[in-house]
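Thanks for coming. I have one structure to go through today, and I will keep to what can be read from the coordinates.

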Amino acid sequence: SNYKQKHYTFIINNLQEMKRLFLLSLVALLLTNLISATENKQFNKTGNDRFSIKAQGIMGFYIDVHDNMRADMPSAPTGLIFGIEFPSTQQRPWQQYLLNPTVGLGMTYLNLGSERYGHAVALYPYILLNCIRTQHFEMKVKLAPGLAVVNEHWYTQEDQNTDHYYDATTNAIFGCYLNAYLNAGLNLNFPITRNFAINGEFGFIHMSNGRVCMPNVGANIFYGGVGFIATINPDKKDERKPIKFPNLPYKWSLNITAASGAQSADIEKHKFAIASLHTGAVYNVCNWYSVGGGVDLFFNDAISKNTRRNLYSKHEDINYTFTDKLRVGVAINNEFKFGMLTTIFDWGVYLYNPSRNYYYDYVRDYCQDGLKKRPLFYKSSGPGSEEAFHYFRFGVKCRVWDNLYLQATCKTHMQIAEYVEFGIGYQIPFLKEDKRKDGKNIIFHHHKDWWKN
């Protein structure tokens, strides 16, 4: 049929395009390998300053497929990954604590498998955590948060009728050009020479906007790839001597964070204000991981009748006061330290949550004879139709001065994002008793070379 012929031609063109890009990448890497092998002495660097360049061709498949995609399933997403990597210099404490990981800057190009969804380009920093290192094989865990730009989304198409949200003719996957890009996977190296290796990778890619705009279905892709990696200046002469660092001088710390942002509740331009306040204490289990508990106060102005979306009921007896838009929860806090950067992952439950009584499905099915309160811990009718009694929050914070940090996080109910927020906070680390000078100074301050004091 014409439909099958169209998609067959589209797939063939994509494969030819990928082949050309991959061959160009291979030529570039081979030239890089030749330069690194023949002109190594011209680099005025030490072995600690060497870096690597890599390229991979990837192919994958969609998981957690939306109904909009099932109506006209795209072909397999394909693309290229480029990266520049820097091994540990062994000159900073966090490198020692994490067994000398590799850091890098990456770019991913993706053909999303159909003209309707278009293409994406992502830029991101990443870290490779060592798992296995032998002479002939290396395996590392890759973690990469970044931003992706797509060229096709809801507002670039002609048909923006919300009644066609699930139709095969519309793109409900992305609601704006800019999206968050999250990538995790396993990175595999098979050395051929000292400065050239075959590189493989398989993992998971998620792209969505965190409900900064709607729609926000997003894309979830499992992928695999193979490529090459070339090392520039692999000579190990004149390496800087590794520094041996002491353990962090504190065990407990208190975190106070205030954040705000905006949420889109409809496929329209109007946005609703959100805000949160977090206070929590965490214990350093080791130099790179902390766990503890905290209390969260949330405000979401989208708990309202003023939306076209039917998440919350528009029943005439519901007024949605200020207190109805508040939630209070307690959470388990997890922190993973990477020097100035700390990634956070929290799981919490609501102790105060009046909005649980106002979901559209609940009011429609159980409140025909008047509004009724439901239990604090209830069974949700499903992601997208009701928000659960518990929540997740994940993100990153960056220390900018002393113990002051900036933070960006996404709050979700199961896999459905509620909003993205940006905030500022202060950490109060309490020094161990044997580290306190004269027993008076009990607060640790993150000076640049604190281990020398």
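I will start with the overall fold, then take the disulfide, a serine beside it, and the salt bridges.

A word of caution first: this is a predicted model. Every value I quote is computed from that model.

Let me begin with the chain as a whole. It has 453 residues, and 49% of them are buried. The secondary structure comes to four helices and 16 strands. If you take contacts between residues at least 6 apart in sequence, 65% of them join residues at least 24 apart.

Next, the barrel. How many strands close into it, and in what order? There are eight, running β1-β2-β3-β4-β5-β6-β7-β8, and the pairing is antiparallel. On average, neighbouring strands of this sheet are turned by 25° against each other, with direction ignored. For one example of the pairing, take β1 and β2, which run antiparallel to each other over eight bridges. If you want a place to look, Ile 58 sits opposite Gly 79 in β2.

Now the cysteines. How many disulfides does a search of the whole structure find? It finds one. The partners are Cys 176 and Cys 213, with 2.3 Å between their sulfur atoms. Cys 176 is in the loop between β5 (138–150) and β6 (178–193), and Cys 213 is in the loop between β7 (196–208) and β8 (219–232), so the bond ties together parts that are 37 residues apart in sequence. As for handedness, the torsion about the S-S bond is about -60°, so this disulfide is left-handed. Cys 176 and Cys 213 are both buried.

Two other cysteines deserve a mention. Cys 367 has 4% relative accessibility and therefore counts as buried. Cys 410 is at 11%, and because the cut-off for buried is under 20%, Cys 410 counts as buried too.

From the disulfide I move to Ser 264, which has Cys 213 among its contacts. Ser 264 is in the loop between β9 (250–263) and β10 (272–284). Is Ser 264 buried or exposed? Its relative accessible area is 0%, so it is buried. What does its side chain reach? One partner is the backbone oxygen of Val 212, at 2.8 Å. There is also a polar contact of 2.9 Å between the side chains of Ser 264 and Lys 271. Setting aside neighbours within four places in sequence, Ser 264 is in contact with Arg 211, Val 212, Cys 213, Met 214, His 270 and Lys 271.

The last topic is charge pairing. Side chains of opposite charge can pair when their charged atoms come close. Over the whole structure the search finds 14 salt bridges. I will show three of them.

The first is between Glu 85 and Lys 54, where the closest N and O atoms are 3.0 Å apart. This pair links distant parts of the chain, with Glu 85 in strand β2 (residues 78–86) and Lys 54 in strand β1 (residues 51–62), 31 residues apart. Glu 85 and Lys 54 are both buried.

Lys 54 also forms a salt bridge with Glu 201, and here the closest N and O atoms are 3.7 Å apart. That pair again links distant parts of the chain: Lys 54 is in strand β1 and Glu 201 in strand β7, 147 residues apart. The relative accessible area is 1% for Lys 54, and 2% for Glu 201, which is therefore buried as well.

The third salt bridge is in a helix. Arg 364 pairs with Asp 361, the closest N and O atoms being 3.5 Å apart. Both residues lie in helix α4 (residues 360–366), three residues apart, which is about one turn of the helix. How do the two compare in exposure? Arg 364 is partly exposed, with a relative accessible area of 44%, whereas Asp 361 is buried at 16%. Going back to the strands, salt bridges that share partners join Lys 54, Glu 85, Lys 142 and Glu 201 into one network.

To recap, the places to look at on screen are the antiparallel barrel of eight strands, the disulfide between Cys 176 and Cys 213, buried Ser 264, and the salt-bridge network that includes Lys 54. That is what I have.

Terms used:
Residues numbered from 1 in each chain as written. Predicted model: local features only at pLDDT ≥ 70, side-chain atom pairs only at ≥ 80, totals over all residues. Heavy atoms only, no water. Disulfide = S-S within 2.5 Å. Helix = DSSP H or I, 4+ residues; strand = E, 2+ residues; numbered from the N terminus. Buried < 20%, exposed > 50% of the residue type's maximum accessible area, 1.4 Å probe, protein only. Polar contact = N/O pair within 3.5 Å; in protein donor to acceptor, adjacent residues only side chain to side chain. Contact = heavy atoms within 4.5 Å. Salt bridge = Lys/Arg side-chain N within 4 Å of Asp/Glu carboxyl O. Pairing = 2+ DSSP bridges. Axes fitted to C-alpha atoms, helices over the stretch in contact; angles between N-to-C directions.
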